[in-house]
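Visitor: Please take a close look at one part of this model. I would like the sheet and the helices that lie across it.

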Amino acid sequence: MTELEIQAFLMVVKAGSITAAAQQLYVTQPALSRRIHALEAELGYSLMERKKGMRSVELTLRGKAFVTVAEKMLAVWSEAKELAQFDSSKIFHISSVGSVSTYILPPVFLRFMKNNPDCRLVFHNHHSREAYEYIENRQTDMAFISDTQFSRAVETVPAFREKMLLISNEVPGLWSEVHPSTLNVNQEIRLPWNPEYDLWHDYWFGANAVSKVILDQMSLLEDLLNEKNTWAVVPASVADKLTQNEQITLHQLLDAPSDRIIYYVVPKNQKNEYVQKLLSDLDSALQKNTTVESFL
């Protein structure tokens, strides 16, 4: 099955006859008929009714159904040809954990795209473990992660550090400084920030603590915090954005979890010009944020 055969079939459908289609494609009528027959032979069924004296084309039931399929196939051929025009060196694949992509990276990406108009930025949200797999397989050029692991094929570098803070929505009895022993875990909206945070949480609330909600999607936190009598422990960059909502109150947490460190991971022994450019833009953004300490 060739592109010419598909084009021939669709032109016959459009023109209404083999004679008219042959004229449109600048081929002889017998040549066009051979293309249609070859297509039918490969498919194993007839596409057109063939009766003596019939000038216009009538499609069989399968022929009518095949029109949509043929159009899709022609579109795929067109997309495949366009790939030859792509310069893979101008494509930058990057991924991140949700909190970083939601609250830190948007202005960084805007600046990066403005400074590198020739680059096609391709972004995905990945959990840390997924990010390592994509980096190892060379499917991603760079990723921001919160949970490190060992990999011979991946270089892991600290990017920035930030404190963990407490935010709440009208929880009675919470002052500007709060000790975890005074918190009701049944009012908590919990996210698994990293293994260190999980250990801290287990210490103060127990391994079997029943939080109000457990999330693994950062985007849901803002909506769920609209409910009164809820609280969450979040990184400073997240708290900085969420407390723009007047309902949300910021608290200093005594005996707080250890600071969260975000790392960037890249393939070992593989240079990419866009990695350092994006890190430079990220550092510029972090320098403006007093709640985050940049290592870049």
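Guide: Here is the sheet, strand by strand, then its helices, then a helix pair and a loop residue.

The model is predicted: local features need pLDDT of at least 70, side-chain atom pairs count only at pLDDT 80 or more, and totals for chains, interfaces and linings use all residues. Residues are numbered from 1 along each chain as its sequence is written, and side-chain values use heavy atoms, with hydrogens and water left out.

Helices (H or I, at least four residues) and strands (E, at least two) are DSSP runs, numbered from the N terminus. Two strands pair if DSSP finds at least two bridges between them.

The sheet is open and has six strands. Their order is 2-1-3-11-4-12, and the pairing is mixed. Strand 2 (120-125) and strand 12 (292-294) form the edges, each pairing on one side only. Direction ignored, neighbouring strands are turned by 25° against each other on average. In general, strands of a sheet pair through backbone hydrogen bonds, either parallel or antiparallel.

Take one pair. Strand 3 (residues 142-145) and strand 11 (residues 260-267) run antiparallel, joined by three bridges. Here Phe144 stands opposite Tyr264 of strand 11.

Now the helices. Axes are lines fitted to C-alpha atoms, for helices over the stretch in contact, and angles run from 0 to 180 degrees between N-to-C directions. Contact means heavy atoms within 4.5 Å. Helix 6 (residues 105-115) lies across strand 1 (91-96), strand 2 and strand 3. Helix 6 runs at about 165° to strand 2. Helix 11 (residues 273-287) lies across strand 1, strand 3, strand 4 (154-162), strand 11 and strand 12. Its angle to strand 3 is about 35°.

Next, a helix pair. The axes of helix 1 (residues 3-15) and helix 4 (residues 61-82) come within 10 Å and cross at roughly 135°. The two helices are therefore oblique to each other; angles under 35 degrees count as roughly parallel, over 145 as roughly antiparallel, 65 to 115 as roughly perpendicular and the rest as oblique. Helix 1 contributes Glu3, Ile6, Gln7, Phe9, Leu10 and Val13 to the contact, and the helix 4 residues include Phe66, Leu74 and Trp77.

Last, the loop residue. Leu215 lies between strand 8 (213-214) and helix 9 (221-224). Leu215 counts as buried because its relative accessibility is 7%; buried means under 20% relative accessible area, exposed over 50%, partly exposed in between (1.4 Å probe, protein chains only). Its C-alpha atom is 7.4 Å from that of Ile189, 26 residues apart along the chain.
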